[in-house]
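Q: I have a structure open and would like to learn how to read it. Where do we begin?

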Amino acid sequence: MALHVRGVFLPDDEVRDVWLVGDRVTFEPVPGAETVADGGYVLPGLTDAHCHIGIARGGAPITSLDQARELARIDRDAGVLAIRDAGSPYPYPELEDEPDLPRLARAGRHVAPPKRYLRDIGVEVGAAEVAATVAAQAAAGNGWVKLVGDWIDRGVGDLAPAWDADTLTAAVAAAHAAGVRAAVHTFSESAVEIMVRAGVDSVEHGTGLSPDLIDLMARQGTALVPTMINIRTFGHIAEQARPKFPGYADHMLALRDRFPDVVRAAHEAGVPIYVGTDAGGGIDHGLAAEEMLLLHEQAGMAAEDVLAAASWRAREWLGFPGLVEGGLADLVVYPEDPRRDLRVVRWPSRIVLRGRVVR
(Lines give C-alpha, C1' and ligand atoms only; values in the text may rest on other atoms or scores of the structure.)
Protein backbone atom coordinates (compact mmCIF):
# COMPACT_ATOMS: atom_id res chain seq x y z
CA MET A 1 0.00 0.00 0.00
CA ALA A 2 1.18 3.53 -0.77
CA LEU A 3 1.87 5.81 2.18
CA HIS A 4 1.13 9.52 2.56
CA VAL A 5 3.09 12.00 4.69
CA ARG A 6 2.32 15.65 5.32
CA GLY A 7 4.52 18.04 7.28
CA VAL A 8 7.16 20.73 7.11
CA PHE A 9 9.86 19.34 4.84
CA LEU A 10 13.45 20.31 5.52
CA PRO A 11 15.62 21.83 4.19
CA ASP A 12 12.98 23.55 2.01
CA ASP A 13 10.98 24.65 5.08
CA GLU A 14 7.69 24.14 3.26
CA VAL A 15 4.53 22.33 4.24
CA ARG A 16 4.21 19.59 1.65
CA ASP A 17 2.55 16.28 0.91
CA VAL A 18 4.56 13.31 -0.28
CA TRP A 19 3.51 9.82 -1.29
CA LEU A 20 5.68 6.74 -0.91
CA VAL A 21 5.01 4.05 -3.48
CA GLY A 22 7.11 1.02 -2.76
CA ASP A 23 10.63 2.36 -2.28
CA ARG A 24 10.12 5.57 -4.23
CA VAL A 25 8.98 9.10 -3.51
CA THR A 26 6.42 10.99 -5.55
CA PHE A 27 4.68 14.31 -5.16
CA GLU A 28 1.82 13.18 -7.36
CA PRO A 29 -1.24 12.25 -5.24
CA VAL A 30 -1.93 8.53 -4.93
CA PRO A 31 -5.59 7.73 -4.27
CA GLY A 32 -6.19 5.46 -1.30
CA ALA A 33 -2.75 6.00 0.27
CA GLU A 34 -2.54 5.52 4.02
CA THR A 35 -1.62 8.68 5.93
CA VAL A 36 1.13 7.76 8.39
CA ALA A 37 2.16 11.27 9.45
CA ASP A 38 0.22 14.53 9.41
CA GLY A 39 2.23 17.34 10.96
CA GLY A 40 5.72 17.69 12.35
CA TYR A 41 9.05 18.21 10.65
CA VAL A 42 10.16 15.78 7.97
CA LEU A 43 13.75 14.93 7.02
CA PRO A 44 15.28 12.31 4.76
CA GLY A 45 16.52 9.50 6.97
CA LEU A 46 19.57 10.18 9.11
CA THR A 47 22.99 8.83 8.16
CA ASP A 48 25.82 7.45 10.27
CA ALA A 49 28.79 8.00 7.99
CA HIS A 50 31.27 6.15 10.19
CA CYS A 51 29.82 3.01 11.70
CA HIS A 52 30.86 -0.64 12.10
CA ILE A 53 28.07 -3.20 12.21
CA GLY A 54 30.74 -5.86 11.67
CA ILE A 55 32.43 -5.20 15.03
CA ALA A 56 30.84 -6.36 18.29
CA ARG A 57 30.82 -4.45 21.57
CA GLY A 58 34.28 -4.78 23.06
CA GLY A 59 36.07 -4.82 19.71
CA ALA A 60 35.86 -8.42 18.50
CA PRO A 61 34.63 -9.22 14.98
CA ILE A 62 31.02 -10.35 14.77
CA THR A 63 30.53 -13.99 13.84
CA SER A 64 27.10 -14.03 12.18
CA LEU A 65 24.76 -12.05 9.98
CA ASP A 66 22.26 -11.95 12.83
CA GLN A 67 24.71 -9.98 14.93
CA ALA A 68 25.12 -7.43 12.14
CA ARG A 69 21.34 -7.23 11.76
CA GLU A 70 20.90 -6.59 15.48
CA LEU A 71 23.43 -3.75 15.49
CA ALA A 72 22.00 -2.18 12.33
CA ARG A 73 18.50 -2.23 13.83
CA ILE A 74 19.69 -0.30 16.87
CA ASP A 75 20.85 2.47 14.55
CA ARG A 76 17.68 2.23 12.46
CA ASP A 77 15.47 2.66 15.51
CA ALA A 78 17.31 5.91 16.28
CA GLY A 79 16.37 7.26 12.84
CA VAL A 80 19.57 6.24 11.01
CA LEU A 81 18.39 4.88 7.67
CA ALA A 82 21.73 4.89 5.83
CA ILE A 83 25.09 3.68 7.12
CA ARG A 84 28.59 3.88 5.75
CA ASP A 85 30.33 0.93 7.35
CA ALA A 86 33.89 2.20 7.54
CA GLY A 87 35.55 -1.20 7.67
CA SER A 88 34.25 -4.61 8.68
CA PRO A 89 36.16 -7.81 9.46
CA TYR A 90 32.99 -9.76 8.61
CA PRO A 91 31.53 -9.64 5.09
CA TYR A 92 27.79 -9.14 4.69
CA PRO A 93 26.93 -7.97 1.15
CA GLU A 94 23.61 -9.83 1.38
CA LEU A 95 22.35 -7.29 3.93
CA GLU A 96 22.44 -4.40 1.46
CA ASP A 97 18.94 -5.10 0.20
CA GLU A 98 17.21 -6.35 3.35
CA PRO A 99 13.97 -4.40 3.62
CA ASP A 100 14.13 -3.69 7.36
CA LEU A 101 17.80 -2.63 7.52
CA PRO A 102 19.40 0.74 6.75
CA ARG A 103 20.96 1.23 3.37
CA LEU A 104 24.63 0.30 3.38
CA ALA A 105 27.69 1.88 1.84
CA ARG A 106 30.50 -0.51 2.73
CA ALA A 107 34.25 -0.72 2.86
CA GLY A 108 35.91 -4.10 3.02
CA ARG A 109 38.30 -4.84 5.86
CA HIS A 110 40.63 -2.15 7.19
CA VAL A 111 44.01 -2.17 5.47
CA ALA A 112 46.42 -1.91 8.40
CA PRO A 113 50.13 -2.20 9.27
CA PRO A 114 51.37 -5.41 10.91
CA LYS A 115 50.78 -5.61 14.68
CA ARG A 116 49.84 -1.95 14.90
CA TYR A 117 46.06 -1.99 14.88
CA LEU A 118 43.12 -3.57 16.68
CA ARG A 119 43.57 -7.31 16.81
CA ASP A 120 41.68 -9.40 14.20
CA ILE A 121 40.00 -6.33 12.65
CA GLY A 122 42.17 -5.37 9.68
CA VAL A 123 44.14 -7.08 6.95
CA GLU A 124 47.66 -6.41 8.22
CA VAL A 125 50.26 -6.07 5.47
CA GLY A 126 53.72 -4.67 4.86
CA ALA A 127 54.38 -1.76 2.54
CA ALA A 128 55.02 -3.96 -0.49
CA GLU A 129 51.53 -5.49 -0.25
CA VAL A 130 49.46 -2.40 0.45
CA ALA A 131 48.40 -1.50 -3.11
CA ALA A 132 47.35 -5.05 -3.97
CA THR A 133 45.47 -5.37 -0.68
CA VAL A 134 43.65 -2.12 -1.33
CA ALA A 135 42.50 -3.47 -4.70
CA ALA A 136 41.27 -6.68 -3.07
CA GLN A 137 39.36 -4.81 -0.37
CA ALA A 138 37.85 -2.49 -2.97
CA ALA A 139 36.22 -5.57 -4.48
CA ALA A 140 35.02 -6.70 -1.04
CA GLY A 141 33.10 -3.45 -0.41
CA ASN A 142 30.63 -1.54 -2.53
CA GLY A 143 32.38 1.74 -3.15
CA TRP A 144 34.84 2.40 -0.31
CA VAL A 145 38.21 1.29 1.03
CA LYS A 146 39.32 1.95 4.62
CA LEU A 147 42.98 2.70 5.27
CA VAL A 148 44.63 2.85 8.69
CA GLY A 149 46.83 5.91 8.32
CA ASP A 150 48.45 5.85 11.74
CA TRP A 151 48.51 4.11 15.11
CA ILE A 152 50.81 4.00 18.08
CA ASP A 153 54.35 2.89 17.23
CA ARG A 154 55.68 1.32 20.39
CA GLY A 155 59.23 1.71 19.15
CA VAL A 156 58.94 5.50 19.22
CA GLY A 157 56.34 5.69 21.98
CA ASP A 158 53.87 7.81 20.06
CA LEU A 159 51.59 7.97 17.04
CA ALA A 160 53.32 7.41 13.72
CA PRO A 161 52.22 6.84 10.10
CA ALA A 162 51.30 3.26 9.26
CA TRP A 163 53.72 3.14 6.32
CA ASP A 164 56.02 5.58 4.55
CA ALA A 165 54.56 8.50 2.61
CA ASP A 166 55.05 6.90 -0.80
CA THR A 167 53.15 3.77 0.28
CA LEU A 168 50.28 5.75 1.76
CA THR A 169 50.05 7.88 -1.38
CA ALA A 170 50.08 4.78 -3.58
CA ALA A 171 47.29 3.28 -1.45
CA VAL A 172 44.99 6.17 -2.29
CA ALA A 173 45.91 5.89 -5.96
CA ALA A 174 45.18 2.14 -5.87
CA ALA A 175 41.73 2.77 -4.45
CA HIS A 176 40.93 5.31 -7.13
CA ALA A 177 42.26 3.00 -9.84
CA ALA A 178 39.87 0.34 -8.53
CA GLY A 179 36.96 2.78 -8.89
CA VAL A 180 36.27 3.33 -5.19
CA ARG A 181 36.73 6.11 -2.68
CA ALA A 182 39.28 5.95 0.13
CA ALA A 183 38.63 6.78 3.78
CA VAL A 184 41.53 7.06 6.20
CA HIS A 185 41.69 6.63 9.96
CA THR A 186 44.13 9.20 11.27
CA PHE A 187 44.83 10.90 14.59
CA SER A 188 48.34 12.29 14.07
CA GLU A 189 49.55 15.45 12.40
CA SER A 190 52.04 13.66 10.14
CA ALA A 191 49.74 10.99 8.70
CA VAL A 192 46.82 13.29 7.99
CA GLU A 193 49.10 15.64 6.06
CA ILE A 194 50.32 12.78 3.87
CA MET A 195 46.80 11.54 3.20
CA VAL A 196 45.15 14.88 2.47
CA ARG A 197 47.94 15.77 0.04
CA ALA A 198 47.53 12.31 -1.53
CA GLY A 199 43.90 13.12 -2.34
CA VAL A 200 42.12 10.82 0.09
CA ASP A 201 38.33 11.20 -0.14
CA SER A 202 37.47 11.34 3.54
CA VAL A 203 39.40 11.89 6.74
CA GLU A 204 38.07 9.93 9.69
CA HIS A 205 38.66 11.62 13.07
CA GLY A 206 41.34 14.05 11.79
CA THR A 207 42.52 15.31 15.17
CA GLY A 208 45.90 16.31 13.74
CA LEU A 209 44.56 18.69 11.10
CA SER A 210 46.30 22.06 10.70
CA PRO A 211 44.90 25.30 9.20
CA ASP A 212 46.83 24.74 5.96
CA LEU A 213 45.44 21.23 5.56
CA ILE A 214 41.93 22.42 6.35
CA ASP A 215 42.20 24.97 3.55
CA LEU A 216 43.46 22.28 1.18
CA MET A 217 40.59 19.96 2.14
CA ALA A 218 38.12 22.73 1.41
CA ARG A 219 39.64 23.34 -2.02
CA GLN A 220 39.72 19.64 -2.86
CA GLY A 221 36.32 18.80 -1.42
CA THR A 222 37.87 16.29 0.99
CA ALA A 223 35.32 15.28 3.61
CA LEU A 224 35.81 15.19 7.37
CA VAL A 225 33.93 12.76 9.60
CA PRO A 226 34.98 13.96 13.07
CA THR A 227 33.50 11.17 15.28
CA MET A 228 33.54 13.48 18.30
CA ILE A 229 32.09 10.72 20.47
CA ASN A 230 35.20 8.70 19.75
CA ILE A 231 37.55 11.58 20.54
CA ARG A 232 36.01 11.85 24.02
CA THR A 233 37.53 8.42 24.75
CA PHE A 234 41.07 9.77 24.40
CA GLY A 235 41.26 10.47 28.13
CA HIS A 236 40.74 6.80 28.93
CA ILE A 237 43.21 5.76 26.24
CA ALA A 238 45.82 8.15 27.64
CA GLU A 239 45.28 6.92 31.19
CA GLN A 240 45.85 3.32 30.17
CA ALA A 241 48.92 4.15 28.08
CA ARG A 242 50.68 6.57 30.45
CA PRO A 243 52.73 4.07 32.49
CA LYS A 244 54.54 2.82 29.36
CA PHE A 245 54.04 5.65 26.85
CA PRO A 246 53.78 9.03 28.62
CA GLY A 247 54.57 10.99 25.46
CA TYR A 248 51.77 9.26 23.59
CA ALA A 249 49.39 9.90 26.49
CA ASP A 250 50.17 13.62 26.51
CA HIS A 251 49.80 13.77 22.73
CA MET A 252 46.38 12.13 22.79
CA LEU A 253 45.12 14.54 25.45
CA ALA A 254 46.39 17.53 23.50
CA LEU A 255 44.69 16.27 20.34
CA ARG A 256 41.44 15.78 22.26
CA ASP A 257 41.49 19.21 23.84
CA ARG A 258 42.04 21.11 20.60
CA PHE A 259 39.65 19.08 18.51
CA PRO A 260 36.46 21.16 18.85
CA ASP A 261 38.40 24.14 17.49
CA VAL A 262 39.71 21.99 14.62
CA VAL A 263 36.18 20.96 13.63
CA ARG A 264 34.93 24.52 13.96
CA ALA A 265 37.73 25.78 11.71
CA ALA A 266 37.02 23.06 9.15
CA HIS A 267 33.35 23.93 9.04
CA GLU A 268 34.05 27.66 8.71
CA ALA A 269 36.49 26.94 5.87
CA GLY A 270 33.85 25.01 3.94
CA VAL A 271 35.13 21.46 4.46
CA PRO A 272 32.26 18.98 3.94
CA ILE A 273 31.51 17.51 7.37
CA TYR A 274 29.36 14.44 7.96
CA VAL A 275 27.99 12.84 11.10
CA GLY A 276 29.63 9.58 12.14
CA THR A 277 29.72 7.90 15.54
CA ASP A 278 32.39 5.18 15.07
CA ALA A 279 29.86 2.76 16.59
CA GLY A 280 31.23 -0.73 17.05
CA GLY A 281 33.91 -1.82 19.46
CA GLY A 282 34.12 0.83 22.15
CA ILE A 283 31.21 3.02 20.99
CA ASP A 284 27.57 1.95 21.32
CA HIS A 285 25.24 1.94 18.35
CA GLY A 286 22.27 4.29 18.15
CA LEU A 287 24.16 7.47 19.13
CA ALA A 288 23.87 9.57 15.96
CA ALA A 289 21.77 12.16 17.81
CA GLU A 290 24.47 12.52 20.46
CA GLU A 291 27.14 13.05 17.80
CA MET A 292 24.93 15.70 16.22
CA LEU A 293 24.62 17.50 19.55
CA LEU A 294 28.38 17.46 20.08
CA LEU A 295 28.92 19.05 16.66
CA HIS A 296 26.42 21.74 17.62
CA GLU A 297 27.42 22.37 21.22
CA GLN A 298 31.18 21.86 21.10
CA ALA A 299 32.16 22.65 17.51
CA GLY A 300 29.65 25.47 17.11
CA MET A 301 27.92 24.20 13.97
CA ALA A 302 24.47 25.71 13.46
CA ALA A 303 21.61 23.27 13.97
CA GLU A 304 20.59 23.34 10.31
CA ASP A 305 24.16 22.62 9.23
CA VAL A 306 24.28 19.66 11.60
CA LEU A 307 20.99 18.36 10.21
CA ALA A 308 22.41 18.61 6.69
CA ALA A 309 25.56 16.78 7.80
CA ALA A 310 23.40 13.98 9.20
CA SER A 311 20.68 13.86 6.58
CA TRP A 312 20.26 15.30 3.10
CA ARG A 313 23.90 16.20 2.37
CA ALA A 314 25.25 12.99 3.84
CA ARG A 315 22.81 10.89 1.84
CA GLU A 316 23.72 12.72 -1.35
CA TRP A 317 27.44 12.14 -0.60
CA LEU A 318 26.84 8.41 -0.22
CA GLY A 319 24.60 8.16 -3.27
CA PHE A 320 21.24 7.70 -1.54
CA PRO A 321 18.76 10.20 -3.00
CA GLY A 322 16.54 12.02 -0.52
CA LEU A 323 12.98 13.29 -0.63
CA VAL A 324 12.87 14.30 -4.28
CA GLU A 325 10.69 13.03 -7.09
CA GLY A 326 11.79 9.44 -7.67
CA GLY A 327 14.01 9.48 -4.59
CA LEU A 328 14.26 6.79 -1.95
CA ALA A 329 11.38 6.31 0.48
CA ASP A 330 13.27 6.97 3.72
CA LEU A 331 12.17 9.64 6.15
CA VAL A 332 12.12 10.65 9.78
CA VAL A 333 9.47 12.88 11.36
CA TYR A 334 10.05 14.98 14.48
CA PRO A 335 7.24 16.52 16.52
CA GLU A 336 9.03 19.89 16.87
CA ASP A 337 11.43 21.94 14.77
CA PRO A 338 14.95 20.51 15.29
CA ARG A 339 16.45 23.75 14.03
CA ARG A 340 15.12 25.50 17.12
CA ASP A 341 16.13 22.79 19.56
CA LEU A 342 18.42 20.13 18.15
CA ARG A 343 17.73 17.83 21.10
CA VAL A 344 14.51 16.91 19.30
CA VAL A 345 16.54 14.53 17.09
CA ARG A 346 16.68 12.14 20.05
CA TRP A 347 12.96 11.47 19.76
CA PRO A 348 11.66 10.78 16.23
CA SER A 349 7.90 10.37 16.17
CA ARG A 350 7.78 8.44 12.87
CA ILE A 351 10.43 6.44 10.99
CA VAL A 352 9.81 5.12 7.47
CA LEU A 353 12.48 2.99 5.79
CA ARG A 354 12.23 1.74 2.19
CA GLY A 355 8.57 2.73 2.15
CA ARG A 356 7.73 0.73 5.30
CA VAL A 357 6.82 2.13 8.70
CA VAL A 358 9.44 1.21 11.30
CA ARG A 359 7.91 3.35 14.03
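**Reading pockets and buried residues**

A: Start with the make-up of a pocket wall. This is a predicted model. In its largest pocket, the lining residues divide into 15 nonpolar, 14 polar and six charged.

Q: What volume does the largest pocket have?
A: The volume is about 940 Å³. The lining counts 35 residues. Closest to the centre are L118, W151, F187, T233 and I237.

Q: Which elements give two or more residues to that lining?
A: Look for the elements along the wall. Here they are β11 (150–153), α7 (234–241) and α8 (246–269). Helix α7 gives the most, with five residues.

Q: How do I read the second largest pocket?
A: Take the same steps: volume, lining, make-up. The volume is about 150 Å³. The lining has 15 residues, and L10, P11, P44, L323 and V324 lie nearest the centre. Helix α11, residues 312–318, gives the most to this lining, with three residues. By type, the lining holds ten nonpolar residues, one polar and four charged.

Q: Now a single residue. Where is T277 found?
A: Place a residue in its element, then check its exposure. T277 sits in the loop between α8 and α9 (288–297).

Q: Is T277 buried or exposed, and why?
A: The cut-off for buried is under 20% relative accessible area. T277 has 0% relative accessibility, so T277 counts as buried.

Q: What does T277 meet there?
A: Separate the polar contact from the wider list. The side chains of T277 and D48 are joined by a polar contact of 2.6 Å. Setting aside neighbours within four places in sequence, T277 is in contact with D48, H50, T227, I229, I283, L287, A288 and E291.

Q: Where does A308 lie, by comparison?
A: A308 is part of helix α10, residues 303–310. Its relative accessible area is 1%, so A308 is buried. Beyond residues up to four places away in sequence, A308 touches R313 and A314.

Q: How far apart are A308 and V8?
A: Read two separations, one along the chain and one in space. A308 and V8 are 300 residues apart along the chain. Their C-alpha atoms are separated by 15 Å.

Q: What does the UniProt record place on this chain?
A: Keep record and model apart. An unreviewed UniProt entry places the feature "domain: Amidohydrolase-related" at residues 163–334. In the model, the chain over residues 163–334 is 55% helix and 10% strand. The end C-alpha atoms of that stretch are 46 Å apart.

How values were computed:
Residues are numbered from 1 along each chain as its sequence is written. This is a predicted model: local features need pLDDT of at least 70, side-chain atom pairs count only at pLDDT 80 or more; totals for chains, interfaces and linings use all residues. Side-chain values use heavy atoms; hydrogens and water are left out. On a 1 Å grid over the protein atoms alone, a cavity is a set of points where a 1.4 Å probe fits but cannot get out, and a pocket is an open set with protein on both sides within 12 Å along at least five of seven lines; lining residues have an atom within 4 Å of a point. Grid points are joined across faces, edges and corners, and a volume is the space filled by probe spheres set on the points. Helices (H or I, at least four residues) and strands (E, at least two) are DSSP runs, numbered from the N terminus. Ala, Val, Leu, Ile, Met, Phe, Trp, Tyr, Cys and Pro count as nonpolar, Asp, Glu, Lys and Arg as charged, and the others, Gly among them, as polar. UniProt positions are given in the numbering used here, feature names are shortened, and annotations may be inferred rather than shown by experiment. Buried means under 20% relative accessible area, exposed over 50%, partly exposed in between (1.4 Å probe, protein chains only). A polar contact is a pair of N or O atoms within 3.5 Å; within protein, one must be able to donate a hydrogen and the other to accept it, and residues adjacent in sequence count only if both atoms are side-chain atoms. Contact means heavy atoms within 4.5 Å.
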